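Student: Hey, I've just opened this one and don't know where to look. Can you walk me through a few spots?
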Amino acid sequence: MRIGIVCYPTFGGSGVLATELGKALADKGHHVHFITYQQPVRLNVFNTNIFYHEVHVPTYPLFDYPPYEVALASSMVDVIMNHDLDLLHVHYAIPHASAAFMAKQIVRKSGRDIPVITTLHGTDITLVGRDKTYEPVVTFSINESDAITAVSQNLRQETYSSFTITKEIDVIYNFVDVSRFSKKPIDAFRKVISPHGEKVLVHASNFRKIKRVEDVIKIFAAVRKQIPAKLLMIGDGPERPGCETLARRLKVHDDIRFLGKQEQMEEIFAVSDLFLLPSEYESFGLAALEAMAAHMPVISSNAGGLPEINIDGVTGYLADVGDTATMSKYAIKLLSDDELLNTFKQQAFDNACKYDIHNIVPQYEELYSRFCTME
Ligand code: GMT
């Protein structure tokens, strides 16, 4: 098949998932055309089945707000017509679903029907999409999609509760390439991170408010009081300065490394013991799944779709949003008992295997085959 993928090219989970999906489809022989404003960060391979089309947004003094959606829709039209696409798969509703609707109408004039599949990822529904400014367009363009998928049962439910959706939403869970994340630790690297065999905790996110990164610092400070430990903070974003200030105030700054945005997460995960994700909301929590694939148990909040992937008492522990005392208690429990920690590491890995790329990508292919014949 010839598939167009539209996504945010950044480190965010939706872009990561869309890129990994495109790479997996290309490996299976499909032609995949990425249409984005920048090369997606995880698109770091050369594959003759992958094509990248950059969306250019011309500026003009009149434009206080350059019309990205118009440029995107025009690029979609160009790629659909000139590369004979069979379908468009857009990730994150805003503005990708409405741009896809516009492109669909335009190519219809040339007698071509292009199926549009919209995958909802989280904040496009739970935060931004609900805003009155966007809601009518989001509702309309989701309903106009030929198929809609959500990355968890929770997100599916949230979508039905927040918008008037007249179509069936299929749940296709996010996936992870287990073979990539279940790497052996590089001993020299582990020695640098934890020179005296300290336990290594890790958090990865975009450091936005919704991630509650200060809770990560509070949990670590409580753990650090009882157990020699180090914390790795991966990613960057608006909450990072506050986090660093808190770490200094709690006198744990010397045991924390802020690593910034990282592409080789698997190398860092391989030397780590426990993943922390105390978010206010997660539709899924892709980083937590990648951590589990790297044999890391997860201490998370019980918000959104997190209980669907982090099984309480099996792959890690869940606690109410903001309950850092309980999260710390669980972290200490796991990190102070190596036998228990190893059991949870294995259970986390076993759970991640259920979401392996080889199990989930065929579900997308099956969905595509409802609209076009597979070649
Ligand atoms: O977590 C973010 O803020 C980034 C966001 C995105 O759209 O890239 O992530 C969302 O999509 C991911 C992939 O499906 C999910 O794993 C994240 O849970 C979801 N984030 C939220 O729901 C807050």
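Tutor: Sure, and keep in mind that this is a predicted model. Let's start with Tyr-355, which counts as buried because its relative accessibility is 9%, and the cut-off for buried is under 20%.

Student: Which aromatic residue does Tyr-355 pair with, and how are the two rings arranged?
Tutor: Tyr-355 pairs with Phe-284 in an edge-to-face arrangement. The ring centres are 6.1 Å apart, with 80° between the planes.

Student: Where do those two sit in the chain?
Tutor: Phe-284 is in the loop between strand 11 (274-277) and helix 12 (286-293), while Tyr-355 is in the loop between helix 15 (338-354) and helix 16. The pair therefore ties together parts that are 71 residues apart in sequence.

Student: Is Phe-284 buried or exposed?
Tutor: Buried, at 1% relative accessibility.

Student: Which residues make up the aromatic cluster with Phe-284 and Tyr-355?
Tutor: Tyr-173 joins them, so to speak: Tyr-173, Phe-284 and Tyr-355 form one aromatic cluster.

Student: How many aromatic pairs are there by this rule?
Tutor: The count comes to 11. One of them is Tyr-60 with Phe-63, which is edge-to-face because the planes are at 65°, and over 60 degrees counts as edge-to-face. Their ring centres are 5.9 Å apart.

Student: And how open are Tyr-60 and Phe-63?
Tutor: Tyr-60 counts as exposed at 52% relative accessibility, whereas Phe-63 is partly exposed at 35%.

Student: New topic: helices. At what angle do helix 1 and helix 16 cross?
Tutor: Roughly 80°, and their axes come within 11 Å. That makes helix 1 roughly perpendicular to helix 16. Helix 1 covers residues 13-27 and helix 16 covers residues 357-369.

Student: Which residues meet there?
Tutor: On the helix 1 side you'll find Leu-17, Glu-20, Leu-21, Ala-24 and Leu-25. Across from them, helix 16 brings Ile-357, Val-361, Tyr-364, Glu-365 and Tyr-368. By class, that contact has 8 nonpolar and 2 charged residues, and no polar ones.

Student: Which ring does Lys-329 lie over?
Tutor: Lys-329 lies over the face of Tyr-330, at 5.0 Å from the ring centre.

Student: Last one: what about Met-265, buried or exposed?
Tutor: Met-265 is buried, with 9% relative accessibility, and is found in helix 11 (residues 265-270). Leaving aside neighbours within four places in sequence, Met-265 is in contact with Arg-42, Phe-181, Ala-204, Ile-234 and Glu-290.

Key: Residues are numbered from 1 along each chain as its sequence is written. This is a predicted model: local features need pLDDT of at least 70, side-chain atom pairs count only at pLDDT 80 or more; totals for chains, interfaces and linings use all residues. Side-chain values use heavy atoms; hydrogens and water are left out. Axes are lines fitted to C-alpha atoms, for helices over the stretch in contact, and angles run from 0 to 180 degrees between N-to-C directions. Helices (H or I, at least four residues) and strands (E, at least two) are DSSP runs, numbered from the N terminus. Angles under 35 degrees count as roughly parallel, over 145 as roughly antiparallel, 65 to 115 as roughly perpendicular and the rest as oblique. Contact means heavy atoms within 4.5 Å. Ala, Val, Leu, Ile, Met, Phe, Trp, Tyr, Cys and Pro count as nonpolar, Asp, Glu, Lys and Arg as charged, and the others, Gly among them, as polar. Rings of Phe, Tyr and Trp (its six-membered ring) pair if their centres lie within 6.5 Å; planes under 30 degrees apart count as stacked, over 60 as edge-to-face and the rest as tilted. Buried means under 20% relative accessible area, exposed over 50%, partly exposed in between (1.4 Å probe, protein chains only). A charge sits over a ring if NZ of Lys or CZ of Arg is within 6 Å of the ring centre and within 35 degrees of the ring normal.
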